[in-house]
Amino acid sequence: MSSIDSVLKENRLFPPSDDFRVKANVSGMEGYNALCEQANNDYEGFWGDLARELITWKKPFGKVLDSSNAPFFKWFEDGVLNVSYNCLDRHLETRGNKVAIIFEADDGTVTKVTYRELHQRVCQFANGLKSLDVQKGDRVVIYMPHGIEAVVAMQASARIGAIHSVVFGGFSAGALRDRIADAAAKVVITANESVRGGKAVPLKAVTDEALGLGGCDSIEKVVVYQRTSNKCELWDDARDLWWHNLVKGQASECEPEWMSAEDPLFILYTSGSTGKPKGIQHSSGGYLLGTLVSMKWVFDYKETDVYWCTADVGWITGHSYVCYGPLGIGATQVVFEGVPTYPDAGRFWQMIEKHGVTTFYTAPTAIRSLIKLGGDLPKQYNLSSLRLLGTVGEPINPEAWIWYHEVVGGGRCPIVDTWWQTETGANMIAPLPGAVATKPGSCTLPLPGIIADVVDEAGAPVEPGKGGFLVVKKPWPSMVRTIWNDPDRFKKTYFPDDFNGKLYLAGDSAHFDENGYIWIMGRIDDVLNVSGHRLGTMEIESALVANPLVAEAAVVGKPHEIKGEAVVAFVVLKANRPEGEKATQIAKELREWVAHEIGKIAQPDEIRFGDNLPKTRSGKIMRRLLRVIAKGEEVTQDTSTLENPAILDQLRHSAL
Ligand code: PRX
């Protein structure tokens, strides 16, 4: 693990330039420390003041935090607001003609919408949803290409108080079905096709397939946005309707549904350590506050910025830093439909130049792949508009950090390495760029008001340099409220009895260095981080064993130069262990099977067939041995408890 070794040895410090510091929203360590002190002295007062400053309330809240039913915390509960009002209406007077979204399609076509136009489109679509009898509290599944309409659909749901559940357009019919069924959604909003990297994906056909799999009786309507001129294969007149027909003639004003701050804004499914994805439920008021505070502090938002977060709205990053944070704060942002490598690996840099991007937020995996495909390409573009860079989703190795800093940022842009999760709603640990000196590979210090720590099994803080569990010791406004339909799982997963139910367990291991900076080491559960996407090993295993050929499967991760982690599947077939051509053929079939069951992102990079799996005498699969084999290393651990030691040798030589 050379990248981890170099992460551990990294010690260079990059303080903000004087120029950046002086102009920053939080300036210098004095500024950072003053905020932390305020939070320490009066935690609720601190968050209450921010909520009053950054959110426009229809009716102000009286109480900041209600811990009476912990860990089901409530923030600003008697406050009344509408999130879409905060993202649109409140800007109309001062920013009505400001561009809200600069949309660049896969083929390079650019469309700009102002706040006034976006407001109108959201209102019309919201009225359209109402005409389909979508009401406050109903669930709406959004399975759309990344683009203006996806944002409109999310904002329109928020406007009428419906709870959206966005499903990433790369997920398969099976994954879509599971999410629709768990949320008992009333409507699916999709498109005939999505287009990425010059290739079309038939989203409507996948939706048809998902609905045909059963368990989706709650669905009354499917709204279809026409992204391309290609026809839909199937069309059910009673169920399906075109987006353009739905909005035709709808009024361009729609009174927002006034919501309690605790009313759910959305559910977003994410992987955990069991086979079933968890519906992470977020609130309206606290969630919005988390996105706004981080826009101001971490992204140092300025009215003149052109902000660009490259994440798809299908992930939490796209929720918080495309749909809600930038619009909530009134920013002009770029939304890009395509992929960083199409038509070539200069696409991001070309777009930064073209749109004058000031703030650029992407994933380490994208940076690593762009270094590999064209490390010199940024030099061909004028990137002088950039003033701040960010990363999210996985640890960044110092080599990639330095390249990002030097070649993309011209050595002048601070890099905010932001640690957070679907569950945390917004950035949690990240440098405030005008205050905290950065270190390549470390997400540095918690945001003021976020009480993060690294503890041992007993919940006691560990000393610097020692690994432990990353925890958050106090509730924070944008935290997950519950797991949809499964409050017990919420409690057990995030506030386990091991820590007396008092600490939020993030599921990551971490350590402090001698400066008190936090370094994320990786997940402590069976969750993989492949190209910044979170995948449960159990989910992939369940998909594999659902194949009629497969008797047993175990999935582990192994380090990967570009993706961070790669998926390795150990498979035992019902028939004899295949060899040669046959093995290659079945491995291909199984990869396609997983793509069909979950999505391409979950396809195993490597499949190893065995007669069996290494198990203890009590029948438990020894995953730590599988991890060693997956890495291609010698097994040096104690294997005396292993029932079938010979299997190790067979698996070592079976990579496909
Ligand atoms: O392991 C951590 C990793 O991504 C996990 C959360 O994944 P997800 O809910 O999909 O959200 C990703 C985008 C916020 C975390 O438990 N992770 C996220 N950011 C970082 C990170 N690991 C290291 N450094 C980060 N900056």
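Student: How many aromatic pairs does the structure hold?
Tutor: Keep in mind that this is a predicted model. A pair of aromatic rings is described by the distance of the centres and the angle of the planes. Counted over the structure, the aromatic pairs come to 39.

Student: Which residues do ring pairs link into a cluster?
Tutor: Picture rings joined pair by pair, with two of the members being Phe72 and Phe73. Others come from further along the chain, among them Trp476 and Tyr504. The full cluster is Phe72, Phe73, Trp476, Phe490, Tyr494, Phe495 and Tyr504.

Student: Which residue lies over the face of Phe171, and which over the face of Tyr517?
Tutor: Let's take the rings one by one. For Tyr517, the partner sits 5.0 Å from the ring centre, and that is Lys439. For Phe171, the distance to the ring centre is 4.5 Å, and the residue is Arg179.

Student: Is Trp75 buried or exposed?
Tutor: Trp75 belongs to strand S2, which covers residues 74–75. Its C-alpha atom is 10.0 Å from that of Ser260, a residue 185 positions away along the chain. Because the relative accessible area of Trp75 is 0%, and the cut-off is under 20%, Trp75 counts as buried.

Student: Where does Pro71 lie, and what kind of peptide bond joins it to Ala70?
Tutor: Pro71 is in the loop between strand S1 (65–66) and S2. Most peptide bonds are trans. Between Ala70 and Pro71, though, omega is about 5°, and the bond is cis.

Student: What is omega for the cis bond that joins Tyr342 and Pro343?
Tutor: To find the spot, look in the loop between strand S17 (332–336) and helix H13 (347–355), where Pro343 lies. The cis bond joining Tyr342 to Pro343 has an omega of about 0°.

Student: Asp300 and Asn500 both have a positive phi; which is buried and which is exposed?
Tutor: Most residues other than glycine have a negative phi. Asp300, with phi about 45°, sits in the loop between H11 and strand S16 (306–309), while Asn500, with phi about 55°, sits in the loop between helix H16 (487–494) and strand S24 (504–512). Asn500 has 64% relative accessibility, so Asn500 is exposed. Asp300 has a relative accessible area of 1%, so the buried one is Asp300.

Student: Which helix gives the most to the lining of the largest cavity?
Tutor: The search finds 2 cavities of 30 Å³ or more, and the largest holds about 80 Å³ of space. Its lining has 14 residues, with Trp47, Gly290, Asn427, Ile450 and Ser478 nearest the centre. By class, that lining is made of 9 nonpolar and 5 polar residues, with no charged ones. The top helix contributor, with 5 residues from 285–297, is H11.

Student: What is the volume of the second largest cavity?
Tutor: Its lining residues include Leu81, Met259 and Ser284. By class, the lining counts 7 nonpolar, 3 polar and no charged residues. The volume of this second largest cavity is about 50 Å³.

Student: How far apart are the end C-alpha atoms of residues 539–620?
Tutor: In an unreviewed entry, UniProt lists that span as "domain: AMP-binding enzyme C-terminal". In the model, residues 539–620 are 30% helix and 30% strand. The end C-alpha atoms of the span are separated by 18 Å.

Technical notes
Residues numbered from 1 in each chain as written. Predicted model: local features only at pLDDT ≥ 70, side-chain atom pairs only at ≥ 80, totals over all residues. Heavy atoms only, no water. Phe/Tyr/Trp six-rings, centres within 6.5 Å; stacked < 30°, edge-to-face > 60°. Lys NZ or Arg CZ within 6 Å of the ring centre and 35° of its normal. UniProt positions renumbered as here; feature names shortened; annotations may be inferred. Helix = DSSP H or I, 4+ residues; strand = E, 2+ residues; numbered from the N terminus. 1 Å grid on protein atoms, 1.4 Å probe; cavity = no way out; pocket = protein on both sides within 12 Å on 5 of 7 lines; lining within 4 Å. Points joined across faces, edges and corners; volume = space filled by probe spheres on them. Nonpolar A, V, L, I, M, F, W, Y, C, P; charged D, E, K, R; others polar. Buried < 20%, exposed > 50% of the residue type's maximum accessible area, 1.4 Å probe, protein only.
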